Every structure is written in C-alpha cells, then in structure tokens.
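Let us learn to read a protein model together. Have the sequence and the 3D view ready.

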Amino acid sequence: MSCPPATTPPVVCLLGPTASGKPAATLALAERFPLEIISLDSALVYRGMDIGTAKPSAEEQARVPHHLIDIIDPADSYSAAQFVRDAHDLITAIRRRGRMPLIAGGTMLYYKALTQGLNDLPHADAAVRAQLDADAAARGWPALHAELAAVDPVTAARLPANDAQRIQRALEIFRLTGVPMSTLLKRPPAADSSTFPGQAPDDMLVIALEPSDRSVLHERIAARFDAMLAAGLLDEVLALRARGDLHLGLPSMRCVGYRQAWEFLDGACDAATMRERGIAATRQLCKRQLTWLRSTPERRTIDCLAADYVAQVAALVDQAWGS
C-alpha cells in the first residue's frame, strides 16, 4: 500500500450516477492508498435502509473506513448544509490521521453545496408540507405540478409531473417566500454558507464515471432492482412500516425503490407495476445525476463501461496522491 506524501494531497471526489461502478473503484483505490471514504449519498445516511440503498456490506466497510453511513434514523432528515459541515470535519480528521479523504457518491446537490456554498433557501416547514401532502392526496401531484408551472415555470419545466418530492419542495419555497425557487437559486450563496472554502475546484480532483452508452446503464439498473427485490427489499420496507412512525412524507421513504415498495404494500399497484415504477424512477434519478455532472466543468471523465475503468481511476488518483 502506498504511503501518503509529505505534502497535503488534494481531496479526491469520485462522482457518478447510480449503477456506474463507484464501489468497485473505491475499494480498488483502498488497496493502493490509506484512504477513508466519505459517502456522498443522501440515502446511505439512514439506518435500517440497506437493501434498497445498495449500502456497502459489512465486509466492504471492514476493508476500508466509511463515513456518513447509518448516521440518522429514517424518521429524521439530513440536509446539504449538514453534509457540508460533516464533510469538512471528516476531511480535517482524516488528514490529521495521516490518511487520505475520498468523497464518493452521486448526490450532486451535496457536491454543489460542498464546492459552491449554499443558496439562501428556507428550511422545511412541517405545516406547509402537510398541506401540500393533503392537496396532493385530493388532487394528485400532476395538479400540483401545474400549480408550480404557474408560479415557477423554470423549475416546473425540469421536473416530471409525478416528482412528488421536488414539486413539494418548490411549492413549499414559493409559499414560504413568495419567490420562485429558480429565482432564489440564481442568487449568489451567502458569504458564510460554505464551510469548506478553497477546496474545489482548484484543490480537488474530481473524477466522474459516465457511460458511453446509457442503455447499458439502464440494463444494469433493471438487473439491480430485481436483485434488490430478490434480496428482500419488500421485507425491509415491511419492517420500516411496522415501526408506525414512518410515512411517505419523509425524505427517507421517498428514496427511490422505497416509495414504490411502500405504495405496493399499500395496495396502490400490483407487483409488476411496482417493479416498473421502481426501475423508471431509478432511471430518472440516473438522468438527473448525469445532467448535474455535465454541468460540472472541473470533472475528469472516465467511461464507466470501459473494461479498464478502475485502472483509469487509479491512474488519475496516482497522479494526485503519488505512489
């Protein structure tokens, strides 16, 4: 295994959409460098949600330290601002241990917050969200999407009519501020919003795993969702439902796969429809992740379908961290 260089190496960020092969690359890097992984994944933070999030196995976590996994209960929420604070603290601590921080995942909002700071958006409001949920139950999310289009056409244009979580957030922001979310996002971040100054893009190596043929990634997504069902995803969601304090209004239960399984267990659809919806939602997530990535000019792109993609990642990290 390589030893850390005398000078402080840059932080390495390994980004990529779902099913692009990030875990294989990170574990291969762990064989070469004394690294610790900081998860850039908004679903892996939840305890008891293992199968549907493709959480690293106990054996994988034993091979290399993983951070920001299993840190909160599904009844709670975790924000981009919390991620920035936690990532900053972890990077400092990992470096003090003489090890190397590797940030890996596909939650691009977290990456943007880490590297560009946070826009001044209002915090979640339980009362407003409850009203929006009630409106959606009565009228359907496509109707709320139409409402959003009337007040924030820019945001509505990039959201599918059934993207409940993002439609709710955009309408919540408008109801709380009277200003479209798209307008607020154009404003520069607050001066003190970034707790990780100077690290990106200049002091960060950003590697993006992107497919040369998206249809291959779609095939992987379908196979992976079937594997999750075979591994017991429905039993996992049954156990979460049995707690009695979780519901579809929570960010945790809106994670891809969990929402569709919950609706199936509610009797809202049959098993085949649940599977189709789960795969379609994962593909939509993949599309959003790729859109975010392609607006990230500092990234170094590697074709995740290449037979030697792991070796290509290792070569770039070798240049940054030294061998």
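What follows is a short dialogue between a learner and a teacher.

Q: What kind of model is this, and how are residues numbered?
A: This is a predicted model, where local features need pLDDT of at least 70, side-chain atom pairs count only at pLDDT 80 or more, and totals for chains, interfaces and linings use all residues. Residues are numbered from 1 along each chain as its sequence is written, and side-chain values use heavy atoms, with hydrogens and water left out.

Q: In what order do the strands of the sheet lie?
A: Strands (E, at least two residues) and helices (H or I, at least four) are DSSP runs, numbered from the N terminus. Two strands pair if DSSP finds at least two bridges between them. Here six strands make an open sheet, ordered β3-β2-β4-β1-β5-β6, with parallel pairing. β3 (66-67) and β6 (299-303) are at the edges with a single partner strand each, so one side of each has no neighbour in the sheet.

Q: How many bridges join β2 and β3?
A: Two bridges, in the parallel sense, join strand β2 (residues 35-40) to β3. Look at Ile38: its bridge partner in β3 is His67.

Q: Which strands does helix α3 lie across?
A: Axes are lines fitted to C-alpha atoms, for helices over the stretch in contact; angles run from 0 to 180 degrees between N-to-C directions. Contact means heavy atoms within 4.5 Å. Helix α3 (residues 80-96) lies across β1 (11-15), β2, β3 and β4 (100-105), and runs at about 175° to β2. Helix α4 (residues 108-116) also packs on the sheet. It touches β1, β2, β4 and β5 (204-210), and its direction makes about 160° with that of β5.

Q: How many residues does the largest nonpolar core have?
A: A nonpolar core is a set of buried Ala, Val, Leu, Ile, Met, Phe, Trp, Tyr and Cys residues joined through side-chain atoms within 4.5 Å. Buried means under 20% relative accessible area, exposed over 50%, partly exposed in between (1.4 Å probe, protein chains only). The largest core here has 76 residues. Leu35, Phe83, Ile103, Ile207 and Val313 have the most contacts inside it. Helix α3 gives the most to this core, with seven residues. Another core lies apart, with 15 residues, among them Trp141 and Ile173.

Q: Is Leu209 buried or exposed?
A: Leu209 is buried, with a relative accessible area of 0%. Leu209 sits in strand β5. Its contacts, leaving out residues up to four places away in sequence, include Leu14, Tyr309 and Val313. Leu209 and Tyr309 are 100 residues apart along the chain, yet their C-alpha atoms are separated by 8.4 Å.

Q: How many aromatic pairs are there?
A: Rings of Phe, Tyr and Trp (its six-membered ring) pair if their centres lie within 6.5 Å; planes under 30 degrees apart count as stacked, over 60 as edge-to-face and the rest as tilted. The structure holds three pairs. One of them, Phe33 and Trp321, is edge-to-face, at 5.2 Å centre to centre with 75° between the planes. Phe33 is in the loop between α1 (22-32) and β2 and Trp321 is in helix α14 (residues 309-321), so the pair ties together parts 288 residues apart in sequence. Both Phe33 and Trp321 are buried.

Q: Which residues of α8 are buried?
A: Ala164, Ile167, Gln168, Ala170, Leu171, Glu172 and Ile173 are the buried residues of α8. What covers them includes α5 (126-139) and α12 (258-265).
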